[in-house]
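Student: Hey, got a minute to go over the charges and cysteines in this one with me? I'll put it up here.

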Amino acid sequence: KATVSVLNWVQQDVPAALMVKHGVHTAAVAALDQELGAWRAKCAAALEAAERRGGQPAGALPEDVASLFEAAAEIIQKNELSRGEPIWLPEGDFRPGAGRRATEAPSDWPSYAAARGMPMEDEAETAIITNVLTFPLTIYHALQTAIANGALSRDVIVASELTVHILGAEYDTEVEGAEKWAELLQLLPGVQHLRLLLVGPELPKDVHGQRMSVSLDGAEGEAMTKQKKKKKRTAPPRVATIEFHRSLYHDLPKGTEKPHLAVAFNSGLADLRGDWGPTITRLCADDVLCCFTSYHLQEAEYDTRTLSAVFAANVLCGPSTNPFRSGFPNPDPIFGDRAYYVNSFFTLFRGTAAPQRPSKPAKAKPKRVVVRKVVKRKATDVGGQQAKRVKTGSVKKTA
């Protein structure tokens with residue numbers, strides 16, 4: 001995930017059965033593959049040209065983006081920060097409805113900064129902060145979006161326990177600075193226990209099966225890891241439990257608890273659909289609410305089309321701009337005139353879409369034809385007048 005996902009040029013094969021499952025049209029898959037092939041060819045040509053220039057991609061970042069990157073890199077070097085390590089974390093409790101309307105929950109970085117006191121004066125420092133907090137805040141936004149779309153009950157975020165699975169987890173991204181996950185507890189004050197299951201083949205072997213916890217002090221709302229000295233509490237602690245499983249997600253034991261949300265940060269799904277195939281299939285079969293993020297819009301569009309065309313996933317939302325994306329610009333190693341940002345776009349999906357079947361021509365409705373049988377009878381005088389009696393016959397249908 002440290003590099004742009006399009007660096008993987010190899011076409012990933014997906015079984016044909018997956019492509020036609022649930023009546024998905026193979027034409028959509030063929031069109032997607034054609035566009036992806038053209039995009040990969042363009043990237044390969046750009047990469048080859050960059051190698052001829054000694055590894056320097058063509059073009060240059062806009063001046064403001066380049067200045068921001070250099071200033072942020074200087075802060076990281078000066079403070080000897082590792083990837084995922086926070087330079088700032090909020091203090092104190094966040095209580096929606098206490099002194100403000102409950103509807104004033106953060107909806108983007110400016111409103112979050114106002115609610116939590118996040119420094120915004122230094123753009124480079126803010127970029128580093130958002131590069132860490134984008135992970136818990138993206139989960140928070142995904143839950144809120146799913147509730148707004150009717151895909152998730154609001155009861156989930158006020159229940160005592162919330163379970164989130166993080167797919168393709170990496171130690172330095174999701175585990176370093178574990179205190180950041182306590183912020184998700186702060187934003188969801190009804191949740192007492194946040195259970196995070198981090199799953200990925202790139203996790204270190206020595207953390208497999210291990211657990212750690214981050215708790216909130218019941219009195220002050222201060223985040224502290226289990227290694228820190230505990231303080232007196234006037235209320236039961238609220239805890240985030242983090243468990244590690246070094247494997248592919250679809251290889252998890254069958255009895256694994258179904259999460260309220262499964263997240264894959266910057267998955268590279270379109271390029272790696274062969275690798276993701278069994279996992280997507282399991283998630284859809286288990287009807288798990290999922291959030292997949294992408295670095296930039298083009299990647300997000302390919303990821304979303306892959307979900308719907310290849311895996312027949314029921315896309316609920318997206319690709320949509322993530323208001324809690326990272327503000328840290330990562331120079332693109334292929335196209336030198338642009339940068340990409342962690343968690344820039346997100347897509348929500350759940351289960352499989354309804355089968356797409358060709359419509360059948362409507363059958364013509366049968367015509368109702370009335371056949372009258374006329375029976376002649378003898379004329380009789382009725383009141384001095386002559387009358388004829390007519391008997392109506394049966395009704396027949398014709399196709």
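Student: Which side chain does Glu35 meet in a salt bridge?

Tutor: That would be Arg305, with an N to O distance of 2.9 Å. Keep in mind that this is a predicted model.

Student: And what does that pair tie together?

Tutor: Glu35 sits in helix α2 (residues 26–52) and Arg305 in helix α9 (residues 297–309), so the bridge ties together parts that are 270 residues apart in sequence.

Student: Are those two buried or exposed?

Tutor: In between. Glu35 is partly exposed at 35% relative accessible area, and Arg305 is partly exposed too, at 30%.

Student: How many salt bridges does the count come to?

Tutor: The count is 13 salt bridges. One of them pairs Glu257 with Arg195 at 2.8 Å, N to O. That pair also links distant parts of the chain: Glu257 is in the loop between β5 (238–245) and β6 (261–264), while Arg195 is in strand β2 (residues 193–199), 62 residues apart.

Student: What about Asp332, buried or exposed?

Tutor: Asp332 is buried, with just 3% relative accessible area. Its side chain meets that of Arg338 in a salt bridge of 3.0 Å, N to O, and Arg338 counts as partly exposed at 25%.

Student: Which residues are joined into one network by bridges that share partners?

Tutor: Arg83, Glu170 and Asp172.

Student: Switching topic: which residues gather in the patch of negative charge on the surface?

Tutor: Glu63, Asp64, Glu121, Asp122 and Glu123. Asp64 belongs to helix α3 (residues 63–78), and Asp64 is exposed, with a relative accessible area of 57%.

Student: OK, cysteines now. How many disulfides does the count come to?

Tutor: Zero. Take Cys291, which is in no disulfide: the nearest cysteine sulfur belongs to Cys290, 8.9 Å away.

Student: Why is there no bond between Cys317 and its closest cysteine sulfur?

Tutor: Because that sulfur, in Cys291, is 8.9 Å from the one in Cys317, which is too far for a bond. The cut-off for a disulfide is 2.5 Å between the sulfur atoms.

Student: And are Cys291 and Cys317 buried or exposed?

Tutor: Both are buried: Cys291 has a relative accessible area of 1%, and Cys317 comes in at 14%.

Notes. Residues numbered from 1 in each chain as written. Predicted model: local features only at pLDDT ≥ 70, side-chain atom pairs only at ≥ 80, totals over all residues. Heavy atoms only, no water. Buried < 20%, exposed > 50% of the residue type's maximum accessible area, 1.4 Å probe, protein only. Patch = residues over 30% accessible without salt bridge, like charges linked within 9 Å, V, L, I, M, F, W, Y side chains within 5 Å. Areas by Shrake-Rupley, 256 points an atom, 1.4 Å probe, with all protein chains shown as cover. Salt bridge = Lys/Arg side-chain N within 4 Å of Asp/Glu carboxyl O. Lys, Arg positive; Asp, Glu negative; His and termini not counted. Charge placed at Lys NZ, Arg CZ, Asp CG, Glu CD. Helix = DSSP H or I, 4+ residues; strand = E, 2+ residues; numbered from the N terminus.
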